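This report covers one molecular structure, taking single residues first, then the sheet, the ligand and the helices.

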Amino acid sequence: MDAKPYARLDDVSLFYGDKVVLKNCTLDIVEGAITCVIGLSGAGKSTILRLLDALRKPDEGHVYIGDRDICHTPETELIEVRRKIALSFQFAALLDSLTIGENVGLPLRENTQQPEAEIRQIVEDALDSVGLAHTYDNLPSELSGGMLKRAGFARAIVTKPDLVLYDEPTTGLDPIVTHLITDMIVRLRKKLGGTAVVISHDLQSIFMMADYVAMLFEGAIIAYGTVEEIKRSPNPIVQQFLEGSEVGPIPI
Ligand SMILES: Nc1ncnc2c1ncn2[C@@H]1O[C@H](COP(=O)(O)OP(=O)(O)OP(=O)(O)O)[C@@H](O)[C@H]1O
Ligand SMILES: [Mg+2]
């Protein structure tokens, strides 16, 4: 592959007590692309996002962002690294007492000295790019679940991150909103000119947005490739997962 990685898990192992979550796991996150990670519930997908955001260190192996090994970077410098990365959580987690606009602008008010008028403009633009124009003064309780998710994305992108990490962006949403959000992730990636990693259980939306798909199983990436390559994978575990069949090598 000629594409350059923006980030890399290199031979990573990670344990919670006796439980092995990742074991000799290697994964390249190609720059300027959308990489989707699939796998069973509890496989360690969210853990991969925590590693990429330097919220968790591996027990063995290395995690690189660019050329920098973030496992051996002092905490003060990690703050700089994290500033270029946005993690959009499984749940939107907006503050109920702030308006949508105030919530979305929070990372800018907390981390920059930009004047209020500039922040307002960036927030309006971010809301507009997720289809939520005119919601600046609404409270979170006035928006639907799908709208809150999108407000969460707007908050993730106001700092213009190089890498956006999405944890289950479409879970629990109807097919139309799912389609809309999937489309939005592709558009935001292009707009930011950056890199994205998406964890999802929704195969249809993965097939729509992914440049690369990685399947995590029993602690390691067992299949990696373009959507077409994954669909044609000869690995029976991948095929069983894609078919959603209870018959096959995956222990249930
Ligand atoms: N703080 C923790 N302490 C102990 N075990 C943990 C902790 N966080 C995660 N785990 C365990 O690590 C494993 C991987 O968790 P992770 O959240 O990465 O899975 P996942 O693939 O994102 O699952 P899901 O699809 O259900 O979101 C799980 O078995 C989980 O129970
Ligand atoms: Mg998860």
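## Residues with positive phi

D11 is partly exposed, with 15 other C-beta atoms within 10 Å. The classes rest on counts of other C-beta atoms within 10 Å, placed from the backbone: 20 or more is buried, 12 or fewer is exposed, and partly exposed lies in between. The model is predicted: local features need pLDDT of at least 70 and side-chain atom pairs count only at pLDDT 80 or more, while totals for chains, interfaces and linings use all residues. Residues are numbered from 1 along each chain as its sequence is written, and chains are lettered from A and ligands numbered from 1 in the order in which they are written.

D11 is in strand β1 and has a positive phi although it is not a glycine. N24 is in strand β2; it also has a positive phi without being a glycine, and counts as partly exposed, with 13 C-beta neighbours inside 10 Å. Most residues other than glycine have a negative phi. The table lists residues with positive phi, including those in two turns.

| Residue | Place | Phi |
|---|---|---|
| D11 | strand β1 | about 55° |
| N24 | strand β2 | about 50° |
| G17 | turn between β1 and β2 | about 60° |
| E218 | turn between β9 and β10 | about 45° |

## Strands

Helices (H or I, at least four residues) and strands (E, at least two) are DSSP runs, numbered from the N terminus. Two strands pair if DSSP finds at least two bridges between them.

An open sheet is formed by 4 strands in the order β2-β1-β4-β5, with antiparallel pairing. Its edge strands, β2 (19–30) and β5 (68–69), each pair on one side only. Strand β1 (residues 5–16) is joined to β2 by 8 bridges. P5 has V30 of β2 as its bridge partner, and F15 stands opposite V20 in β2. The two strands form a hairpin with 2 residues between them.

A further hairpin is made by β9 and β10, again with 2 residues between them. Strand β9 (residues 212–217) and strand β10 (residues 220–225) are antiparallel and share 5 bridges. Here L216 has I221 in β10 as its bridge partner.

## Helix α1 and ligand 1

Helix α1 (residues 45–52) lies across β1, β2 and β4 (60–65), at about 120° to β1. Angles run from 0 to 180 degrees between N-to-C directions, and axes are lines fitted to C-alpha atoms, for helices over the stretch in contact.

Which residues surround ligand 1? They are Y16, V21, G39, S41, G42, A43, G44, K45, S46 and T47; a residue is near a molecule if its C-beta atom, placed from the backbone, lies within 6 Å of it. α1 gives the most to this shell, with 3 residues.

## Helix α3 and its neighbours

In α3 (residues 100–111), the buried residues are I100, G101, N103, V104, G105 and L108. They pack against α4 (116–129) and α5 (145–157).

The axes of α3 and α5 are 7 Å apart and the packing angle is about 30°. From α3, I100, N103, V104, L106 and P107 meet A151, A154 and R155 of α5; two residues are in contact if their C-beta atoms, placed from the backbone, lie within 7 Å.
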